[in-house]
Amino acid sequence: MGQTKQDEDYGYDLFPERNPGDLNKRSVPRFYTWYHKCQLMLKLAVETSPYAKLLLSAMKNSGCKVRPDRHFSCEDCDGTVSGGFDAATSQIVLCQNNIHKQSHMNRVVTHELIHAFDHCRAHVDWFNNFRHLACSEIRAANLSGDCSFSNEMSRFHFGMKQHHQECVRSRALRSILAVRKISQEEAEKIVDEVFHTCFNDHAPFGRIPHTKKDAKFANRDYDNRNRYYANL
């Protein structure tokens with residue numbers, strides 16, 4: 001891929017407070033109510049969400065302990081996104097202006113922690129290997145609850161055979177197109193090439209979690225996690 005910062009913004013335009021040219025525009029005081037609410041919901045998510053707790057434990061066991069004050073940041077974002085993982089700083093961005101419910105916060109934290117888990121254990125080349133990016137987006141959509149039956153019902157998306165797989169594919173594709181300047185055709189080709197392998201990689205859950213009871217360590221051996229990315 002070989003793109004430079006000048007050629008590719010890597011989706012940072014969606015997170016204006018992360019724009020290197022706007023470092024003085026971090027405007028927490030103006031929207032303190034949003035910021036405070038975001039911090040409270042984040043605290044509740046990491047302390048009570050079984051999915052978040054499992055991922056945090058998995059990362060700690062893998063040598064990547066997460067500190068909420070260091071690795072999470074509540075910020076204002078573009079209206080089209082709820083969160084993001086900044087590989088350059090190893091931080092999870094939570095969009096305080098777009099997350100208003102605890103259930104949404106739990107899902108965003110889980111989604112972004114899956115990216116952080118991949119970053120920790122698989123040495124993902126986020127900026128140069130589109131297959132690595134696609135794989136992590138597939139895994140995050142598959143395992144975070146983004147494509148759960150209840151969430152898809154709320155979007156009025158249902159009734160299709162193998163709907164879960166199609167939802168995962170669609171959301172992964174949308175995420176890639178939001179942060180990389182490539183064509184729809186190229187993005188679809190990349191997603192298709194890695195879909196089977198990455199959709200069936202459920203680490204650290206062991207299987208696709210559908211209920212809170214599924215948020216258990218089914219497998220503490222993460223060697224396969226590295227093997228998947230090494231072969232992409």
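## A tour from the sheet outwards

Begin by selecting strand β2, residues 83-86, where both faces are covered: Gly83 and Phe85 on one side, and Gly84 and Asp86 on the other, are all buried. Keep in mind throughout that this is a predicted model.

**The sheet**

With β2 still highlighted, add β3, to which β2 is joined by four bridges, the two strands running antiparallel. Two of the facing positions are easy to pick out: Phe85 stands opposite Ile92 in β3, and Gly83 has Leu94 of β3 as its bridge partner. Follow the chain from β2 into β3 and you pass through a hairpin with four residues between the strands, where Ser90, in the turn, has a positive phi of about 55°.

Now bring in β1 to complete the picture, an open sheet of three strands in the order β1-β3-β2 with mixed pairing. Because β1 and β2 stand at the edges, each with a single partner strand, one side of each is left without a neighbour in the sheet. If you turn the view to look across the strands, the twist from one strand to the next averages 25°.

Which helix packs on the sheet, touching β1, β2 and β3? Select α4, whose direction makes about 20° with that of β2.

**The nonpolar core**

Next, colour the largest nonpolar core, which has 63 residues, and label those with the most contacts inside it, namely Phe72, Leu94, Met105, Val109, Leu113 and Ile138. Two or more residues come from each of the elements α1 (32-48), α2 (50-61), β1 (72-75), β3 (91-95), α4, α5, α7 and α8, and the largest share, nine residues, is given by α4.

Zoom in on Leu113 and display what surrounds it: apart from its neighbours within four places in sequence, Leu113 is in contact with Ala52, Leu55, Leu56, Met59, Phe72 and Ile92.

From that list, move to Met59, which lies in helix α2 and counts as buried because its relative accessibility is 4%. Setting aside neighbours within four places in sequence, the contacts of Met59 are with Cys64, Lys65, Val66, Leu113, Ala116, Phe117 and Cys120. A distance drawn between the C-alpha atoms of Met59 and Ala116 will read 8.3 Å, although these two residues are 57 residues apart along the chain.

**His111 in helix α4**

Return to helix α4, residues 102-122, and select His111 within it. Is this histidine, His111, buried or exposed? With a relative accessibility of 11%, His111 counts as buried. Its side chain makes a polar contact of 3.2 Å with the side chain of His115, while beyond its neighbours within four places in sequence, His111 is in contact with Glu137, Ala140, Ala141, Ser144 and Asp146.

**The salt bridges**

Finally, show the charged side chains, among which the structure holds ten salt bridges. What is the setting of Arg139 and Asp201, whose side chains meet in a salt bridge at 3.4 Å, N to O? The pair links distant parts of the chain, 62 residues apart, with Arg139 in helix α5 (residues 130-143) and Asp201 in the loop between α8 (184-199) and α9 (223-230). Both Arg139 and Asp201 are buried.

Then select Arg169 and Asp192, which form a salt bridge with the closest N and O atoms 2.5 Å apart. Arg169 lies in helix α7 (residues 163-179) and Asp192 in helix α8, so this pair ties together parts that are 23 residues apart in sequence. Here Arg169 is partly exposed, with a relative accessible area of 24%, and Asp192 likewise counts as partly exposed, at 47% relative accessibility. Add Arg18, Glu75 and Asp86 to the selection to see one network, joined by salt bridges that share partners; Asp86 is one of the buried residues of β2 with which the tour began.

As a last stop, centre the view on Arg67, which forms a salt bridge with Asp69, the closest N and O atoms being 3.5 Å apart. Arg67 counts as partly exposed at 45% relative accessibility, whereas Asp69 is exposed, with a relative accessible area of 62%.

Conventions
Residues numbered from 1 in each chain as written. Predicted model: local features only at pLDDT ≥ 70, side-chain atom pairs only at ≥ 80, totals over all residues. Heavy atoms only, no water. Salt bridge = Lys/Arg side-chain N within 4 Å of Asp/Glu carboxyl O. Buried < 20%, exposed > 50% of the residue type's maximum accessible area, 1.4 Å probe, protein only. Polar contact = N/O pair within 3.5 Å; in protein donor to acceptor, adjacent residues only side chain to side chain. Contact = heavy atoms within 4.5 Å. Core = buried A, V, L, I, M, F, W, Y, C linked by side-chain atoms within 4.5 Å. Pairing = 2+ DSSP bridges. Axes fitted to C-alpha atoms, helices over the stretch in contact; angles between N-to-C directions.
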